[in-house]
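Colleague: I am new to this structure and would love a close look at one part of it. Could you pick a stretch of chain and walk me through what surrounds it?

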Amino acid sequence: MAEAVLDHADAHDAHDAHEGHVHKTNTGMSNNKLAMWVFLGSECLLFGGLISTYLLYRHNIQDGPGPSEEFFDIPFTSASSFVLLMSSLTMVLAHSAAERGDQKRLKIWLLSTALLGSVFVSGQIYEFTVFVREGLGWSTSPFSSAFYALTGFHGVHVTIGIIMLLSTFISTLRGRMHPGNAETVEIVGLYWHFVDIVWVFIFTVIYLAA
Amino acid sequence: MAIIENPLELESGDVVRVAERPLGVLTRPSGNTGWQSWLFTVDHKRIGIMYGAFAMFFFLIGGLEALAIRLQLAVPNGKILSPETYNQVFTMHGVTMIFLVIMPLAAAFANYLLPLQLGARDVAFPRMNALSLWVFLAGGIFLCSSLFIGGWFENVPNGGWFNYAPNSGTLFSPTKGIDFYAIGLQILGIASLVSAINLIVTTLNMRAEGMSLMRMPVLSWMLLVVQFLLLFALPVITVALFLLMFDRLWGANFFNVEMGADPLLWQHLFWIFGHPEVYILILPSFGIISEVIPVFSRKPIFGYSFMVGSGIAIGFLGWGVWAHHMFVSGIGPISVAAFSVSTMMIAVPTGVKILNWVATMWGGRIQLTTAMLFAVGVVSMFTIGGLSGVTHAASAADTQQTDTYYIVAHFHYVIFGGALLGIFSGFYFWWPKMFGYKLNETWGKWNFWLQIVGFNLTFGPMHILGLQGMSRRIDSYDPGYGFELWNMVSSIGSFVIFAGVFIFLINVFVSKRQAEHLPPVGPDPWDARSLEWMTASPTPEHNFDTEIVIDSLDHFWHQKYGYDDDGNVVRIAYAEDVAHDGSATNVHLPSPSYWPIVLASGFPFVGYGLIYNYWLCAIGGFLIVGAIFGWVFEHPDDPDAAHGHHDDHGDDDGHDGHEVDEGTTENAEADLVTADSATDAGEASDG
Ligand SMILES: [Cu+2]
């Protein structure tokens, strides 16, 4: 949720040309972007812990339903996974629009990414309600707790990503976004792609391994 | 180079709009004096000092808890604490000392020294730095409030610092104590994670020109390794704490053995965090003494690259040894053998470090200042702790030692004898840099000797008690087992430690009083080597007057010393001549902000809310979300306060508006007029 301060990219470019001086960092990567990379490194371990917990309790289903093809609605979840993966594509398009300074497409793609993400989260909520009706409560078994914790944590991450996307979208409406700040879109994109990749793992571990 | 403000560069005549405080509701804090200058500061040095001050406060609490434990155990059948209270006291002692004392004290040095040692103006994200501090304080207060909330010693964590399942479940621990533990540590984890990201980015991105990684002081290196350990270890315990919280608050089944849950899950998650945590505690101290020993041996550090390399190696190996805490939990002979070997391997890089410190001192002109005494104390005491650690690595021996006082002895030699003594060495060493006066050496020596003698009296006998079979975490013991003598010695020792710490506190005030009659300490009172000594004492708010260009390891030392024709070291300049005098004015610094402390204040509300009443969560959530909102819309720099600019302030939140070259002071003055009028012009045209 970075803010664009200077409203004019040319100012930045002119400045660079004039002074031969950029905001130099030792790595050449901006502080914000590096911070996001570092943060995502930490997130890997968070999901690593949750996925391990799920794997440990996968077969501990007590009297409740277990992770089986009959219980999961694989086609439904595959469809919503596809929606989430498509949102990575629109995110890429948003970033490239931002780099080109194409305001209109930037807005369109940001909004589509957020929309696709929302479709995924809605699908997840719907799926949860179905599972609960079919007898898989939060407290039913170690499997159920681990399942909801892992997918729930991921869902919260997607939701935070949607908020970041919408905040960026609102900044473009307010005219605070410009090609010099394409990096903001890129950083949101880093987070978004990460959350998508994590879902690929989760989908494999929970649904495909069922 | 002159000070140039971006809008000046516009040759097209286009209007530059500076998006500025679109809400227009709140002005920024502006006070440079009084309590406001501390509460809303984003200055890494003030933040570092506050980290230290709060940690010392918690140190007193944790110390009193330790004394209560030793009073209880001084004689057989102690009656001072009930068994239940005893559990609470030793749990809080451990949690407090680890999370609220050693870690923040290391953070104090990291915050204060890292930017200085790297030649930077501040950390990468100054407001996030303030956030870490206040979230740490919020978490600490939250955790310690368990001592009296809902009744005196009613809801205190009582499961030990590692809080094993299933004892931590609501069945065996029905009070709110474990909830305070689970939520409190999560709040503290947020603080450490934010700080770790911030300091990693600072180290990787904000070093002065010429300061390549292999020219960084060993302390900076060790702090960097620690931040990476925090970065990867914290999420693991976060998972564990979340799962525990889910179990306790909302009936999940992660540790519910009735449902067939596996209690070893907690042990694995906890120790995957817990062993790297040991290095998180000790490596800053290793870094500190790696600065102190060369200065007082009048020699460069022996084997710099080996020092750095062994620190990194410890950081890596530290991830593959966690199950040595679980040798008796039934993980199977192959796991035990593997972790036994990997644990012994870690003694190698540690041994490299110890030998390098000794080699640094070897043949040096040693000055036994208090800082140096504490540093030598670390080398010797940590060696004892390290050796008893190797005896745990041998799993057959460990089976006998597990859960006895031998373990308690071992980790106190490591954490007290290693980490804490190193931090005291750092106090004496950097005190003049931080506060402008030296701590008194006579009181300092009393402090050291009382602390080291008291320490060995307290924890040395615990080796014997442990080998005799005395269990840890028992609230009393019967007479006739041969435990009486050494427990009494240990309890007496703990009061000697207390006297030593008390003398340190006296020393702080006595020395301040005495310093009024002494000449100022100058930039470099110890004739030291690293960059923080190259500016005035106490460090001016802007750190360095001009940007420094580094051309070697120990750059500052090489400014002072050269070689004559015979290759002998000769002084070529005095510190006062090469160090900055701190007189630069008009250096633009990151502006203070209300939001970090507001944001942090939301977390305890969420915590109490989860335990007692969800409405409190709403208040906490409102504070957090509101503060994030205010934060995002706040210009990282306050243009109203813009009087000359520089380019080294943090790059908070993608801000790239004030991009300027650092100039000499005179040029800065000369160009101020243009810079300011440019800012004004920018604002005037703000749509
Ligand atoms: Cu360990």
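Modeller: Gladly! Let's begin at B:D527, which sits in the loop between α15 and α16 of chain B (helices, H or I of at least four residues, and strands, E of at least two, are DSSP runs numbered from the N terminus). This is a predicted model, in which local features need pLDDT of at least 70 and side-chain atom pairs count only at pLDDT 80 or more, while totals for chains, interfaces and linings use all residues. Residues are numbered from 1 along each chain as its sequence is written, chains are lettered from A and ligands numbered from 1 in the order in which they are written, and side-chain values use heavy atoms, leaving out hydrogens and water.

B:D527 is not a glycine, yet its phi is positive, near 55°. The loop between α15 and α16 of chain B also holds B:P538, and a cis peptide bond with omega of about -10° joins B:S537 to B:P538.

B:W526 belongs to that loop too, whereas its ring partner B:F296 lies in helix α7 (residues 264-297) of chain B, so the pair ties together parts that are 230 residues apart in sequence. Their ring centres are 5.3 Å apart and the planes stand at 75°, so this pair is edge-to-face (rings of Phe, Tyr and Trp, the last by its six-membered ring, pair with centres within 6.5 Å; planes under 30 degrees apart are stacked, over 60 edge-to-face, the rest tilted). Over all chains, the whole structure has 76 aromatic pairs.

Now for the domains. Chain B is assigned domain 1 (42-261), domain 2 (293-518) and domain 3 (531-578), with bounds from an automatic or database assignment. The C-alpha centres of domains 2 and 3 of chain B are 33 Å apart. Where these two domains meet, 10 residues of domain 2 are in contact with 10 of domain 3 (heavy atoms within 4.5 Å). Together they bury about 740 Å², 59% of it on carbon and sulfur atoms; buried area is the accessible area (1.4 Å probe) lost on being put together, summed over both parts. On the domain 2 side, B:Y304, B:W430 and B:K433 lose the most area, together 61% of what that side buries.

The rule finds zero salt bridges across this interface (a Lys or Arg side-chain nitrogen within 4 Å of an Asp or Glu carboxyl oxygen). Helix α13 (residues 405-435) of chain B gives the largest share of the domain 2 side, six residues.

Technical notes. Buried area is the accessible area (1.4 Å probe) that two parts lose on being put together, summed over both.
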